[in-house]
Amino acid sequence: MTAALERTTVATAPRILSVGTAVPPEHYSQEELLDLFGITDRKVRSVFLLGSIRQRSLVLPPAAPDGTRVRESQGDLLDKHKAWAVSMGSDAMSVCLKRIGADLSEVGYLCCVTSTGFLTPGLSALLIRELGMDWHTARADIVGMGCNAGLNALAVVGNWAAANPGRLAVMVCSEACSAAYTMDSTMRTAVVNSLFGDGAAAVAVMADPRGGEGAEEEGSGPRPEGPRILRTASVTIVDAIDAMRYDWDRDQDRFSFFLDPQIPYLVGAHVEGVVDRLLAGTSLRRDDVAHWLVHSGGKKVIDAVAVNLGLTRHDLRHTITVLRDFGNVSSGSFLFSYDRLLQEGVVRDGDYGVLMTMGPGSTIESALIQW
């Protein structure tokens, strides 16, 4: 890539203008959840208590007269997913737009991500109705890709923004993970039940209509501000395609998640290659990346990323604290970390950042951004 083309590509790259997050109002500690569901098995309890999670926001089933939690049917879970995916998605999108003073009428494209239930029509159509958005808003839904899907969707939204400079595109990740739980005391479900939380995140994206060059033109509106999305890289580890999945559990007669205990090692074995591919041809080294915003996939996954990329706990501080305070909120987790980075106020112009997610496939997605 020539220097002139490199400058042009950077100047016209879409920018992340804003982020917003939302969670349900009820929060539970790991100890509270163990008591609520009457889990006494020592091995299962250790999975809950040793995962570096302090609390999670969850929509739990109603209590029975004896205080135990009612077992929800698959139909009840689908209803929960629909209601809370719309509610949390609406809230996250509203926060995101409010932070940049944008109105719903300005949104030209809406891409929604969810993996904790199935909806037809999709979440995008339901949000357009719920929020009273323009019926002509272009939209797309990414369903079932799992925890990595936020970066897949960000690429889609970024491409639309690049093709429509000056117009606003929004991505919403809304995951009602509690609508995909199988509440029992088996080891298959223990990892899932101990890890995931409910939450939604939204980002607004726009490409500069002037290509980043020259002074602002009269009537052209303010120049978009925020980090540019420069490039992406990914890997699908097809030999481990069944390591993370959401499928029908015949024993429970419902859908449920499955996470293979080998996932941290799979991630660790491939994460270097993805980052090397992401930085290839940029003259950047890992040490040049100031901000690492990684999916809060679990303590062992975070440790595997840190060890194999040579990162410190400080480098991954937002990933670690998001896991601590919210658990794994699936596709939107990395945006919770991004939100905390912005609130910290340490980003400087010119800083590079790496966004990273991982999920079913097994897949690792990454993106390089620059402020």
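Helices here are DSSP runs (H or I) of at least four residues, numbered from the N terminus. Everything below comes from a predicted model.

**View 1. The end of helix α10, where glycine 327 follows.** Just past α10 sits glycine 327, and its phi is positive, near 75°. The helix itself spans residues 317-326 and is mostly covered, with 9 of its 10 residues buried.

**View 2. What the buried side of α10 packs against.** Look for Arg317, His318, Thr319, Ile320, Thr321, Val322, Leu323, Asp325 and Phe326: these are the buried residues of α10. Their packing partners include two strands, β3 (55-57) and β11 (289-294). Helices α7 (187-195), α9 (299-309) and α11 (333-344) are there too.

**View 3. Threonine 363 in strand β13.** The strand covers residues 363-370. Threonine 363 is tucked away, since its relative accessible area is 7% and buried means under 20%. A polar atom of its side chain lies 3.1 Å from the backbone oxygen of proline 360. Leaving aside residues up to four places away in sequence, threonine 363 touches Asn148, Val235, Thr236, Thr357 and Met358.

**View 4. Cysteines without a disulfide.** There are 0 disulfides in the structure. For cysteine 112, the nearest cysteine sulfur belongs to cysteine 111 and is 6.8 Å away; a disulfide needs the two sulfurs within 2.5 Å, so cysteine 112 is in none. Cysteine 173 is also in no disulfide, and its nearest cysteine sulfur, again that of cysteine 111, is 8.1 Å off. Cysteine 112 is buried at 1% relative accessible area, and cysteine 173 is buried as well, at 0%.

Technical notes. Residues numbered from 1 in each chain as written. Predicted model: local features only at pLDDT ≥ 70, side-chain atom pairs only at ≥ 80, totals over all residues. Heavy atoms only, no water. Buried < 20%, exposed > 50% of the residue type's maximum accessible area, 1.4 Å probe, protein only. Polar contact = N/O pair within 3.5 Å; in protein donor to acceptor, adjacent residues only side chain to side chain. Contact = heavy atoms within 4.5 Å.
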